[in-house]
Amino acid sequence: MSYLVLARKWRPKTFAEVVGQQHVLRALINGLDQNRLHHAFLFAGTRGVGKTTLARVFAKSLNCEQGVSSTPCGECQSCQEVDAGRFVDLIEVDAASRTKVDDTRELLDNVQYAPSRGRYKVYLIDEVHMLSTSSFNALLKTLEEPPPHVKFLFATTDPQKLPVTILSRCLQFNLRRLDLTQISGHLNHILQQEETEFEANALLALARAADGSMRDALSLLDQAISFGGGSVKNDHVHQMLGTIEQQQLHHIVTALLKQDGKSLLEQSQQLSAQGRDFTIVLNELLSLFQRIATVQVVPDLESTEEDNLEQVKSLAQQFSPETIQLLYQIALHGKRDLAYAADPKSGFEMTLLRMLSFQPKSIDKTVDISASTDNNTSAKAQSITDTPPVPQPQPQPQPQPQNVARQTSEKEKVEHISTASNTGDEISATNWTQIIATLKLAALARQLADNSAFIKSENQQVYLSLAPGLAHLATPKAQERLESALSKQLGYELSLIFEQGVGNVDNRQTLASERAEEASIKQQQATESIHNDPAVDAMKKVFDARVIESSIKSID
Ligand SMILES: [Zn+2]
């Protein structure tokens, strides 16, 4: 059984048999049945998606001896001649080999003559964009005043190269790549009719390799049948294509997920024993990572391109998007470097091990790096590098925030709204900012409290100072609110006295200055934790990554 046999035998003979391209079929069928046909059609699309087939069924529909319709009889002489590829009024031209103006002129000179066998002459000009400028001009003249008995079908893989004058005179259709289901379904149909034994997975592998082209799929199917000695087995097909089974890919990715280095090396060994091409394996891994990333963005994706959508969805939930991006990058670099490796297998294994070493032990949906420090504060840092995001090591337990709770005072007990503190001690420089931090204050009163430094406390009078530039904060209203909040918190009435310019506020702690200092320390810690992170360091080395300093921020 040869390629020609299958492709020829199974070339669709009616519109109903054509796979895919429903939008084009509908236009042609409606036009034929209503007898309102445009005189020039342009089919844009890749190879092997059915241009010649459409042209043939179209020519048959126009010339069937039973009359013009979308369902030619297939029995009459015209129909049979078209099917056999020897109908004189179907003129197929490959523009790629006929670009000279003389060729086109000769072709177009004949346009004016009536068809010799049927009602219409159908011209199929493939790769029409290859015509020369003067050929286009000759063609344009015909298109401007087309003889009534002529229909043009132009096909091109590159419609951008066509002059607008031509484009504007055609009814244009984009022929689509056929999807996996369409191709594998058609192969399935053919093999059942042929009574040839096959495994369904094998058809999906063939369909994937055909990359949208039915013609390529049929050609591959022929090869697979002869390769398998009359049957189409999954294993044979992968062997023939040098591809890897989806299940094997899934094993590799699962081993990455489980941090199972031993299993990874076993997979590599197995692939090598099967004689797989490691560039293709990396390509397939890239494709899988890309599909996982897509599902992470569009979780309810329904795709006919996915034969293992459920597995992909499950992986998408188990990996963080950042990790998938990183694994993709590593696979991409691994593919690039494969040629430089001692041999493809060791290059492939190094790529897998690199993926393993970069993969965080715990899968976390956020990027955070924690660092504990002496003074018991903690800093989380987040950073963006100019290559992939940072993988995340185990988050460390967060220390409790500073707590200023103390025993209640010997004075009258008061109900507190605040959860944090109840300081019965005299207010002092030591506990000033802690007390201020626990007060429930709004707007201006908060500003006033945060920027006030404690000077002294005498006879229920609290002396405070504000930096010279901030004196305006001590409005009567803000002062009153702060007084009342403090009195409530401490459990006794007190009054506030602001002493402008007394003491240098720079030397005294205010809550605002404390916080600024703390923020600066955290920023330093964040920067250090990014620079000391081994994963970041490794990315700098492997990918020439560079940390963008301004993107480091404490996220606590
Ligand atoms: Zn007929």
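Student: Why is Cys73 called partly exposed?
Tutor: Its relative accessible area is 28%. Buried means under 20%, exposed means over 50%, and partly exposed is in between (1.4 Å probe, protein chains only). So Cys73, at 28%, is partly exposed. One caution first: this is a predicted model, where local features need pLDDT of at least 70, side-chain atom pairs count only at pLDDT 80 or more, and totals for chains, interfaces and linings use all residues. Residues are numbered from 1 along each chain as its sequence is written, and side-chain values use heavy atoms, with hydrogens and water left out.

Student: How do you know whether Cys79 is buried or exposed?
Tutor: Its relative accessibility is 0%. That is under the 20% limit, so Cys79 is buried.

Student: What makes cysteines the donors of the zinc ion?
Tutor: Distance does. Donors are N, O and S atoms within 2.8 Å of the metal (3.2 Å for Na, K and Ca); water is not among the atoms, so sites may look incomplete. The SG atoms of Cys64, Cys73, Cys76 and Cys79 lie 2.3 Å from the zinc ion. They therefore count as its protein donors. Along the chain, the donors follow the spacing C-x8-C-x2-C-x2-C.

Student: Why is the zinc site called tetrahedral?
Tutor: Four donors count as tetrahedral if all angles lie between 85 and 135 degrees. Here the angles among the four donor atoms run from 101 to 121 degrees. So the site is tetrahedral.

Student: How do you know that the length of α14 agrees with what is expected?
Tutor: Helices are DSSP runs (H or I, at least four residues), strands are runs of E (at least two), and both are numbered from the N terminus. The expected span of a helix is 1.5 Å times one less than its number of residues. For the 20 residues of α14 that gives 28 Å, and its end C-alpha atoms are 29 Å apart, so the two agree. Helix α13, residues 261-273, reaches 18 Å from its first C-alpha to its last, close to the 18 Å expected.

Student: Which residues of α13 are buried?
Tutor: Gly261, Ser263, Leu264, Gln267, Ser268 and Leu271. They cover an arc of only 165 degrees around the axis, so they are on the same side of α13. The arc is taken from the directions from the helix axis to the C-beta atoms. An α-helix has 3.6 residues a turn, so residues three or four places apart point the same way. The face turned away from the buried side carries the exposed residues Lys262 and Ala273.

Student: What covers the buried residues of α13?
Tutor: The cover includes α12, α14 and α17. Contact here means heavy atoms within 4.5 Å.

Student: What makes the start of α13 a place with a polar contact?
Tutor: A polar contact is a pair of N or O atoms within 3.5 Å; within protein, one must be able to donate a hydrogen and the other to accept it, and residues adjacent in sequence count only if both atoms are side-chain atoms. A side-chain oxygen of Asp260 comes to within 3.3 Å of the backbone nitrogen of Lys262, so the distance fits. At the start of α14, a side-chain oxygen of Asp277 reaches to within 2.8 Å of the backbone nitrogen of Thr279.

Student: Why does Met355 count as buried?
Tutor: Its relative accessibility is 0%, so it falls under 20%. Met355 is found in helix α17. Leaving aside neighbours within four places in sequence, Met355 contacts Leu256, Leu285, Phe289, Leu327, Ile330 and Ala331.

Student: Why is Ser231 called buried, and why is Glu195 called exposed?
Tutor: Ser231 has a relative accessible area of 10%, so it is under 20%. Ser231 sits in the loop between α10 and α11. Beyond four places in sequence, it touches Thr196, Glu197, Ala224 and Ile225. Glu195 is at 75%, which means it is over 50% and exposed. Glu195 lies in the loop between α8 and α9. Its phi is positive, about 55 degrees, although it is not a glycine.

Student: How many helices and strands are there, and how much of the protein is buried?
Tutor: The protein has 22 helices and eleven strands. Buried residues make up 47% of its 556 residues.

Terms used:
Four donors count as tetrahedral if all angles lie between 85 and 135 degrees; four count as square planar and six as octahedral if opposite donors are over 155 degrees apart and all others between 65 and 115; anything else is irregular.
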